[in-house]
Every structure is written in C-alpha cells, then in structure tokens.
Amino acid sequence: HAKARGRGRYEIFTPQLLEQAATLLNIELDLRGAQARGELAVHYQPVVSLLDGKFIGFEALLRWTHPVHGAVSPTAFIPVAEESGLIAELDRFVLRTACLQAVQWQRDYPRQPPLTMSVNVSGRHLQSLDLAEHVATVLSETGLAPHHLKLELTEGVLAAESDDLRRTMSALKALGVQLHIDDFGMGYSNLAYLQRFHANAIKIDRSFINVLGSDGEGVDLIASIVGMARSMHLSVVAEGVETQEQAQLLLQLGCEVAQGFLFSRPVPAPDAGVLLASEIMTAAQPAFQLQDSA
Ligand code: C2E
Ligand code: MG
Ligand code: MG
Ligand code: MG
C-alpha cells in the first residue's frame with residue numbers, strides 16, 4: 001500500500017497537508033483585500049552601529065494579520081504576492097508608510113546624521129518601469145530626503161540584466177536614494193553588478209552570521225566579504241545578529257553596522273518610538289554595549 005511505496009507518497013495525502021495546500025491556495029485570494037480591510041501593518045527593526053550601539057535607522061518589514069489564521073509570515077505570503085503580481089501594491093504601501101514614519105521620527109528624535117529608513121523592493125516590482133517615478137512621488141509627498149531612503153534589493157534580481165532593470169536602476173540612482181544588496185552571499189556570484197548598479201552597501205545574509213561562533217566557523221568567510229566590500233567602497237551591514245559574541249566578532253572583522261534580535265526584533269511603530277525615546281534618554285549609556293575585548 002501507499003506507505004510501502006515510500007514516505008513522501010504516503011504523507012502527501014494526510015489531511016494536515018491537504019489543509020496546508022488549501023491554505024496556500026487561499027493566500028492569494030485573501031491577500032487581495034488585505035490592505036483595504038486594514039490587515040496590513042509595517043513593523044520596524046533598528047539598524048545599529050556596533051561602534052557606539054546607537055540606532056542608525058530602521059528596516060521596514062511588512063506584517064499581515066489574517067482574520068482566521070492570524071499572523072502570516074512574509075516568507076509565506078511575499079512569494080505568493082510576487083507570483084500573482086500583488087507585490088507592487090504591497091511594496092508601495094510599505095514604502096509610503098515607512099517614509100512617512102521616517103519623517104516623523106526625524107522630527108521627533110533629531111540627530112546627526114538623521115535616521116534612515118530601509119525598505120525592501122521585490123525583484124518583480126523592480127522591473128516595472130514606473131518604480132523610480134513612484135519612489136520620487138512618495139519622497140516628495142512625504143518630504144523624506146532621498147539619501148535617507150535605503151532600498152533593499154536581492155542579488156538574484158540584478159542578475160536579470162534586462163534593459164528595463166538597467167533603466168530603473170539608473171533612474172533610482174539619479175534620484176539619490178541608497179541601494180543596498182539584501183541577503184548578500186545567497187545567490188549570484190558575479191560581483192560586477194555591484195559596481196554596475198552603484199550599490200552603496202551589502203547586507204550579509206543571516207545564514208552567514210548564524211554560524212559565527214567561538215570555534216572560528218564562518219570568520220574567514222565574513223572577513224573575505226568585508227575585504228571585498230572595502231575594496232569596492234561598499235558599506236557592510238550584518239543581518240540576524242543574535243548574540244553579543246557575534247556582534248563582537250563582526251566588529252573585529254570590520255563590520256560596523258548590524259541588525260538582529262540582539263538589539264531588537266521588528267516591532268510596531270509605537271514600540272520603535274519608545275526604543276528611540278529611551279535611547280535618547282540614556283544617551284550617556286548606549287542601549288547596547290560591547291564588552292571590553294582586551
Ligand atoms: P529580509 O529583508 O532579509 O529581512 C530580514 C528578516 O530577518 C526579517 O524577517 C526579520 O524579522 C528577520 N530577522 C531580523 N533579525 C533577526 C535575527 O536576529 N534572527 C532571526 N532568526 N531573524 C531575524 P521577516 O520580517 O519575516 O521577513 C522575511 C523576508 O520577507 C524579508 O527578508 C524580505 O525578503 C521579505 N519582506 C518583508 N517585508 C517585505 C516588504 O515590504 N516587501 C518585500 N518585497 N519583501 C518583504
Ligand atoms: Mg531586507
Ligand atoms: Mg535581508
Ligand atoms: Mg534575509
């Protein structure tokens with residue numbers, strides 16, 4: 001019978017998996033009206049300087065609370081949104097919300113240099129011709145200075161090398177927004193695109209930070225990524241920093257900017273505001289303090 005033919009086949013027909021498949025099929029349908037029903041929100045995760053523990057800015061991350069299933073992970077719904085063409089609408093919602101928020105925080109928590117806002121842009125969306133125009137509109141409507149916006153693009157997208165992509169990338173560059181390469185190290189290995197598209201920074205993928213430990217694992221790889229970035233005049237951001245030890249190692253390796261649960265999870269805007277306020281109140285004592293490495 002089924003079980004004898006192998007585990008995979010047998011399990012395909014379990015009620016639980018059938019239910020999961022049905023749930024997946026509904027994601028697209030349910031996502032369509034999610035914004036109108038007020039189910040979408042933007043959460044913010046601090047981007048931190050490892051030199052002094054201060055916030056440099058935030059990354060905006062989309063959150064969807066499904067009326068029946070509750071919180072749905074972006075790793076589940078973003079790919080569906082990309083497949084179905086819904087992604088442009090979602091990215092635009094996040095861009096506008098995040099830019100408005102950045103301007104409000106810059107006003108409420110002034111500092112030098114001003115806080116920046118990082119926003120993810122899907123590859124699908126990047127290939128639409130009016131993206132740069134849309135970004136320009138949002139910047140002028142919200143009043144956020146272009147160089148305070150960091151658009152996060154993944155490597156794979158840039159490998160496409162279409163004329164539309166080239167046009168969009170130079171239009172974005174001309175606007176003066178910063179371009180960050182997200183999940184760096186996961187995909188495309190030809191680095192020429194970093195220079196061709198005038199990237200400002202790379203974000204080392206979480207999977208490389210994960211393995212950073214006392215046994216020396218991962219250190220050589222991070223060191224070579226940082227060295228490469230330096231030679232190309234690119235900044236480096238580490239994502240997924242969870243331990244003091246990882247933060248310490250990164251700083252020793254020359255990576256001075258990081259994001260991760262060690263500092264804060266992505267949180268709703270009011271909570272991020274509280275983090276900013278408390279950072280200012282305790283300016284003499286940074287929220288995050290590196291241990292003395294000597
Ligand atoms: P990403 O852009 O690489 O975002 C970082 C992800 O890592 C976020 O997951 C964040 O919550 C998670 N993270 C941050 N620090 C840590 C840590 O210390 N440990 C661990 N384990 N995870 C950490 P999230 O919010 O689930 O988003 C997943 C991905 O979904 C994002 O990866 C991004 O590719 C995509 N995404 C999220 N929001 C948007 C959006 O508005 N537009 C587009 N196009 N994609 C988005
Ligand atoms: Mg990102
Ligand atoms: Mg990332
Ligand atoms: Mg990532």
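Here is a walk through this structure, from the chain as a whole to its magnesium sites and then to two helix packings.

Please keep in mind that the model is predicted. The protein chain has 13 helices and 10 strands. Of its 294 residues, 45% are buried. If we take the contacts between residues at least 6 apart in sequence, 69% of them join residues at least 24 apart. That theme of distant stretches meeting will come back at the metal sites.

Let us start with the magnesium ion (ligand 2). Which residues coordinate the magnesium ion (ligand 2)? The donors are E59 (OE), N120 (OD1), E152 (OE) and D182 (OD), at 1.9 to 2.3 Å. Read along the chain, these donors follow the spacing E-x60-N-x31-E-x29-D. Two of them show how distant parts of the chain are linked here: E59 sits in strand β2 (residues 55-66) and E152 in strand β5 (residues 149-154), 93 residues apart. Are these two residues buried or exposed? E59 has a relative accessibility of 6% and counts as buried, and E152 is buried too, at 2%. The cut-off to have in mind is that buried means under 20% relative accessible area.

It is worth pausing at E152 in strand β5. Setting aside its neighbours within four places in sequence, E152 is in contact with E59, S118, V119, N120, V121, H180, D182 and K203. Among these contacts are E59, N120 and D182, which also appear in the list of donors to the magnesium ion (ligand 2).

From here, D182 leads us on to another metal. D182 bridges the magnesium ion (ligand 2) and the magnesium ion (ligand 3), which lie 3.6 Å apart. With a relative accessible area of 7%, D182 is buried. The magnesium ion (ligand 3) is coordinated by D182 (OD), D183 (OD) and E239 (OE), at 1.8 to 2.7 Å. In sequence, its donor residues are spaced D-D-x55-E.

Two of those residues, D183 and E239, carry us to the magnesium ion (ligand 4), which D183 (OD) and E239 (OE) coordinate at 2.1 to 2.4 Å. This pair again links distant parts of the chain: D183 belongs to strand β6 (residues 178-184), while E239 lies in the loop between β8 (235-238) and α12 (244-252), 56 residues apart. How do the accessibilities of the two compare? D183 counts as partly exposed at 26% relative accessibility, whereas E239 counts as buried at 11%. As for the spacing of the ions, the magnesium ion (ligand 4) is separated from the magnesium ion (ligand 2) by 6.0 Å.

Now we can leave the metals and turn to the helices. Two packed helices are described by the angle between their axes and the distance between the axes. Helix α4 (residues 87-108) and helix α6 (residues 131-142) pack at an angle of about 30°, with axes 9 Å apart. Angles under 35 degrees count as roughly parallel, and α4 and α6 are therefore roughly parallel to each other. Their crossing is right-handed. On the α4 side the contact is made by R92, L95, R96, C99, L100 and V103, and on the α6 side by L131, H134, V135, V138, L139, E141 and T142. Sorted by class, this contact of α4 with α6 has eight nonpolar, two polar and three charged residues.

Helix α6 has another partner in helix α8 (residues 163-175): the axes of α6 and α8 come within 8 Å and cross at roughly 20°. These two helices are therefore also roughly parallel to each other, and the crossing of α6 and α8 is right-handed. Where they meet, α6 brings L131, A132, V135 and A136, and α8 brings T168, A171, L172 and L175. What classes of residue make up the contact of α6 with α8? There are seven nonpolar residues, one polar and no charged ones. L131 and V135 of α6 are found in the contact with α4 and also in the contact with α8.

Note on methods
Residues numbered from 1 in each chain as written. Chains lettered and ligands numbered in written order. Predicted model: local features only at pLDDT ≥ 70, side-chain atom pairs only at ≥ 80, totals over all residues. Heavy atoms only, no water. Axes fitted to C-alpha atoms, helices over the stretch in contact; angles between N-to-C directions. Helix = DSSP H or I, 4+ residues; strand = E, 2+ residues; numbered from the N terminus. Parallel < 35°, antiparallel > 145°, perpendicular 65-115°, else oblique. Left-handed = near helix turned anticlockwise from the far one by under 90°. Contact = heavy atoms within 4.5 Å. Nonpolar A, V, L, I, M, F, W, Y, C, P; charged D, E, K, R; others polar. Donors = N, O, S within 2.8 Å, 3.2 Å for Na, K, Ca; no water. Buried < 20%, exposed > 50% of the residue type's maximum accessible area, 1.4 Å probe, protein only.
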